[in-house]
Amino acid sequence: MNRRLVKYGDATLKRHAEKVEKFDEDLKTLAADLVETMNCENGLGLAAPQIGESKRVFVIDMRRRADQDIPCVFKLDGKEIPLDLCMPLVAVNPSVEGMGDYFESAEEGCLSFPGIYAEVERSYAVKLEYFDLFGTPHTLLCEGLFARCVQHENDHLDGVCFVDRLEQRQLFAIESKLKRLKRQTKDFLKAQAHKA
C-alpha cells in the first residue's frame, strides 16, 4: 500500500527507530509498503520513519537510479551477483560501517525534503550488515552511489536527516525552503489533528 510520506518538521524524522524483534507478516507488510511508496514517489530508497513507522528497516532499489551508466559496484555475502536478483534490498536492523579513508561529496535530496538538494560528504565505500525479512543475516559491501544511499537511509533510522550533515553556509543557502516546508508540515499536522 502506498503510504503518506512524512515530511521535514514531523517529529517522527528525529526519533531513533526501534529494533525489529519479530520477523512476521507485519514486517513483510511494512517492507511491501516501503517498496510501493518508494516506487510511487520515484525514489531510490526509503526508510520506515519516512512513512511514520519508527522501525529499523529501510529499502533501496538501485535499478531505479536516474543514470543507468553509473556502475553499481557491490558484493553480497562475498559474491558478485546480478542487480535484479537482490533488488529491492530490504535491510532490517542494519549496521553500517565506512570502509577506508576515501570520502566523496555529491548532491543529495530526500523524499521527506521535496525540492531541496545539497552536497553531502560521505564514505565512498561501506559495509552493511543486516537481516532480511526471514531473519537471515547478510553482509553487503558497496561503493559509490549505492554506499551513499545506504548511509542516507541508515541515518533516518538514527533520527538524522541529510540536512543535519550540512555546514552552516549550506544551510543558509536552503534556509527559506526549509522554513517553508516546516510550516507546510506543521499546518498539515494541525489540520489532521482537527479531523481526528
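This is a short dialogue on reading the features of one predicted model.

Trainee: Where do I start? How many helices and strands are in the chain?

Mentor: Start with the elements. The chain has four helices and six strands. Read from the N terminus, their order is α-β-β-β-α-β-β-β-α-α.

Trainee: How compact is the chain for a globular protein of its length?

Mentor: Compare the radius of gyration with the globule rule. The chain has a radius of gyration of 17 Å, and the rule gives 16 Å for 196 residues. The two values are close, so the chain is as compact as a globular protein of that length. Along the principal axes, the C-alpha atoms fill a box of roughly 50 × 40 × 25 Å.

Trainee: What share of the residues counts as buried?

Mentor: The share is 44% of the 196 residues. Contacts add to the picture. Take the contacts in the chain with a separation of 6 or more: 69% of them join residues 24 or more positions apart.

Trainee: Show me how to read single residues. Is Thr 37 buried or exposed?

Mentor: Look at the relative accessible area. Under 20% means buried. Thr 37 has 0%, so Thr 37 is buried. Its place is in helix α1. Leaving out residues up to four places away in sequence, Thr 37 touches Met 1, Asn 2, Arg 3, Leu 5, Leu 46 and Ile 51.

Trainee: And where is Glu 41?

Mentor: Glu 41 sits in the loop between α1 (25-40) and β1 (45-47). Its relative accessibility is 35%, so Glu 41 counts as partly exposed. With residues up to four places away in sequence left out, Glu 41 touches Leu 5 and Leu 111. Try a distance too. Glu 41 and Arg 4 are 37 residues apart in sequence, and their C-alpha atoms are 9.9 Å apart in space.

Trainee: Next, aromatic rings. What describes a pair of them?

Mentor: Two values describe a pair of aromatic rings: the distance of the centres and the angle of the planes. A search of the whole structure gives five aromatic pairs. Take Phe 74 and Phe 146. Their ring centres are 5.6 Å apart and their planes stand at 75°, so this pair is edge-to-face.

Trainee: Which parts of the chain does that pair link?

Mentor: Distant ones. Phe 74 is in strand β3 (residues 74-76) and Phe 146 is in helix α3 (residues 145-157), 72 residues apart. Phe 74 and Phe 146 are both buried. Rings can also form a group. Tyr 8, Phe 113 and Phe 162 are linked into a cluster by ring pairs.

Trainee: Now pockets. What is the volume of the second largest pocket, and how much space lies in the largest?

Mentor: The largest pocket holds about 880 Å³ of space. Among its 33 lining residues, the closest to the centre are Leu 44, Glu 107, Gly 109, Leu 145 and Cys 149. The elements giving two or more residues to this lining are β4 (89-108) and α3. Helix α3 gives the most, with five residues. The second largest pocket has a volume of about 200 Å³. Its lining residues include Arg 3, Val 20, Glu 21 and Lys 55.

Trainee: How do the residues of each lining divide by class?

Mentor: Sort them into nonpolar, polar and charged. The lining of the largest pocket has 15 nonpolar, eight polar and ten charged residues. The lining of the second largest pocket has three nonpolar, one polar and eight charged residues.

Methods:
Residues numbered from 1 in each chain as written. Predicted model: local features only at pLDDT ≥ 70, side-chain atom pairs only at ≥ 80, totals over all residues. Heavy atoms only, no water. Phe/Tyr/Trp six-rings, centres within 6.5 Å; stacked < 30°, edge-to-face > 60°. Buried < 20%, exposed > 50% of the residue type's maximum accessible area, 1.4 Å probe, protein only. 1 Å grid on protein atoms, 1.4 Å probe; cavity = no way out; pocket = protein on both sides within 12 Å on 5 of 7 lines; lining within 4 Å. Points joined across faces, edges and corners; volume = space filled by probe spheres on them. Nonpolar A, V, L, I, M, F, W, Y, C, P; charged D, E, K, R; others polar. Rg over C-alpha atoms; globule rule 2.2 N^0.38 Å. Contact = heavy atoms within 4.5 Å.
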